[in-house]
Amino acid sequence: MKILVVDDETDVQALFEQRFRKEIRNHEFEFAFAFSGEQALAYLKEHNQEAVLILSDINMPGMSGLELLDQIKRKSAPPPPPLVMMITAYGDEENYNTAKSLGADDFLTKPVDFVTLKEKLKTLMHD
Amino acid sequence: MILQTILVLILLANLRKQTRKNAEGLMWERRVIAAIIVSSGLLVLHTTVSDAEVAATIASYGLSILIFYLVFTQQIFAPAKSIALAFLPLVAIKGVEDLLEIFHRPTFKSWYVYLESAALFALIWMIAMLILSSRQRKALERERIKAEERERELQITEKLKQQLEKQVQERTAEITRQKEELQKALHELKETQSQLIHSEKMASLGELTAGIAHEIQNPLNFVNNFSEINGELLDEMREAIEKGDYEEVKQLASDIADNQQKINMHGKRADSIVKGMLQHSRTSTGQKEPTDINALCDECLRLSFHGLRAKDKSFNAAFETKFDPQLPKIDVIPQEIGRVILNLCNNAFFSTNEKKKTAEGDFKPVVSIETMARDNGVVIIIKDNGSGIPQSILDKIFQPFFTTKPTGQGTGLGLSMSYDIITKGHNGTLQVESKENSGATFTIFLPNQNA
């Protein structure tokens, strides 16, 4: 299962690669990284939407996570659009509601709890 | 005796006039009226009753002597003295003539010619004296009128003087009151100004804190995550050691070292943000110290971006940095220069956001910050593609209290304080270029004091 992680913090790549090192080694998950909304869209276009799950931060300079979500959900071709999981800041109701109305499939709150994330990903994979 | 009585009556009439002028003259006026009545009575008696002629004449002269005596001795009759003096010779000669006629006719007859000539001289004397006295009186009268006029003028002047003094006092009081009010207003203004400067600092600090919360959270997440991972990696390393898989051990050790470096890096990042915040909130010590302008610009740009994001969820903009790696450290007051950069970044982001609200299509807000080393200092360029500044207000933006933001949203002190910090505080320059609807560029030049 290919997961695209979108975050403006580049160290997120190292973090995910280490947190999921066993899963990556066992080829359970495959990760790709984009450091802005624009990069993410470019990646999706280039790789013909091979990522089944997109994990995106909301708070990014340039194209925000919400804009990215909107683009993916509305302009994705061919349907169905990939699953999008948004990372919201703790207690940020406004962004949570907006993301939900834009069609976000799931939510994670910052700081990301990797135990929960792993469980969620594994359930998704088995479905 | 008839002539004498007439003269005495004229004198008495004059005396009566004098008594009227005088406040204490009432008693004397009565006496003078009594004398007029007695005199007139004696004249009537003299002319009508032939038997009483002698007695009336004697009484009349006795009364005349008394009157003349009083005229020359009483202060109240002093103004009539000249008339009395004019009449006196004629009355005296007539008296001698009449008395001689009564008591000694032979002498009267032999002296008659002399007495008549003396009477003629006395008459001339009287006329001359009367003319003289009339002139004197007129002159005196003129003098008196003049004196009265002077007195009146003096009174008027005095009145005017009092009025003027009163006006001066009133005006002085008014001016004093106004001065006090002005001083009070000035004091209040000064207080308000210092409060405004303080609130301007606090406002930019408030914008900071929201950004800081976000900016600190990210590095702390990394610190927590990487240290947890390192714990796990150490467990795995122990297992690998037990297994004797030293290739694995080496790989794990290398990962742990990398993570350790990241922990350190993000820890320092959080540290510098907190330090930056402290520096910003601290009252400026006014101490210039060697400062890495690139780091300061980066920090302020990020704080500004995240601060605005935290305040306004709909806000977003891209930011670009182009830092000159050869930029030397220069001596500046870091918290003050930080405030200027932060303020300019805030304005730039605000402006792009304003344009985004009205712009059609795919407007991409971008704020960029660029640094360049010069022979004699450092140039910082903060550029945005926002709504720009109309030409008409371009020369006003550095004036205190000038703001285009709605009331309550901007103090109007940001740019004026920035201008003062750069020009007065650091001998640098702050210039602006802008075209309406195509953004603004602020260029700061800071001279290197050591170069």
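# Chatting through chains A and B

Reader: Hi! Which residues of α1(A) are buried?

Author: Hello! The buried residues there are Asp11(A), Val12(A), Ala14(A), Leu15(A), Phe16(A), Gln18(A) and Arg19(A). One thing to keep in mind as we talk: this is a predicted model.

Reader: Thanks, noted. And how many of the nine residues in that helix does that make?

Author: Seven of the nine in α1 (residues 11–19) of chain A, so the helix is largely enclosed by the rest of the structure.

Reader: Arg19(A) is on your list. What does it form a salt bridge with?

Author: Its partner is Glu228(B), and the closest N and O atoms are 2.9 Å apart. Arg19(A) also belongs to a network of salt bridges that links it with Arg21(A), Glu228(B), Glu232(B) and Glu236(B).

Reader: Nice. Where do Glu232(B) and Arg21(A) sit?

Author: Those two side chains meet in a salt bridge at 3.7 Å, N to O. The pair crosses between chains, with Glu232(B) in helix α5 of chain B and Arg21(A) in helix α2 (residues 21–25) of chain A.

Reader: Is Arg21(A) buried or exposed?

Author: Arg21(A) is buried, with a relative accessible area of 10%. Glu232(B), on the other side, counts as partly exposed at 31%.

Reader: Zooming out, how many salt bridges does the rule find across the interface of the two chains?

Author: Six of them between chain B and chain A. There are also 13 residue pairs in polar contact across that interface, counting pairs with both residues at pLDDT 80 or more. On the chain B side, the elements that give two or more residues are α5 (105–243), α6 (246–281), α7 (293–311) and β2 (318–322). Of these, α5(B) gives the most, with twelve residues.

Reader: And how much area do the chains bury between them?

Author: About 2200 Å², with 43% of it on carbon and sulfur atoms. In terms of contacts, 28 residues of chain B touch 25 residues of chain A.

Reader: Back to helix α5 of chain B. Which side chains meet in a salt bridge there, both partners lying in the helix?

Author: Arg144(B) and Glu148(B) are one such pair, four residues apart, about one turn of the helix, and their N to O distance is 2.6 Å. Glu181(B) and Arg177(B) are another, also four residues apart in α5, at 2.9 Å, N to O. Arg144(B) is partly exposed, at 40%, and Glu181(B) is partly exposed too, at 45%.

Reader: Switching to cysteines: how many disulfides are there?

Author: Zero, over all chains.

Reader: Why is Cys297(B) not bonded to Cys300(B)?

Author: Because the sulfurs are too far apart for a bond: Cys300(B) holds the closest cysteine sulfur to that of Cys297(B), and the distance is 7.0 Å. Cys345(B) is in no disulfide either, with the sulfur of Cys300(B) again its nearest, 6.7 Å away. Cys297(B) is buried at 0% relative accessibility, and Cys345(B) is buried at 0% as well.

Reader: Last one, Phe35(A). What is it in contact with, leaving aside neighbours within four places in sequence?

Author: Asp7(A), Asp8(A), Glu9(A), Thr10(A) and Gln13(A). Phe35(A) lies in the loop between β2 (30–34) and α3 (37–46) of chain A. Its C-alpha atom is 5.0 Å from that of Asp7(A), although the two are 28 residues apart along the chain. Phe35(A) itself is partly exposed, at 23%.

Notes
Residues are numbered from 1 along each chain as its sequence is written. Chains are lettered from A and ligands numbered from 1 in the order in which they are written. This is a predicted model: local features need pLDDT of at least 70, side-chain atom pairs count only at pLDDT 80 or more; totals for chains, interfaces and linings use all residues. Side-chain values use heavy atoms; hydrogens and water are left out. A disulfide is a pair of cysteine sulfur atoms within 2.5 Å. Buried means under 20% relative accessible area, exposed over 50%, partly exposed in between (1.4 Å probe, protein chains only). Contact means heavy atoms within 4.5 Å. Buried area is the accessible area (1.4 Å probe) that two parts lose on being put together, summed over both. A salt bridge is a side-chain nitrogen of Lys or Arg within 4 Å of a carboxyl oxygen of Asp or Glu. A polar contact is a pair of N or O atoms within 3.5 Å; within protein, one must be able to donate a hydrogen and the other to accept it, and residues adjacent in sequence count only if both atoms are side-chain atoms.
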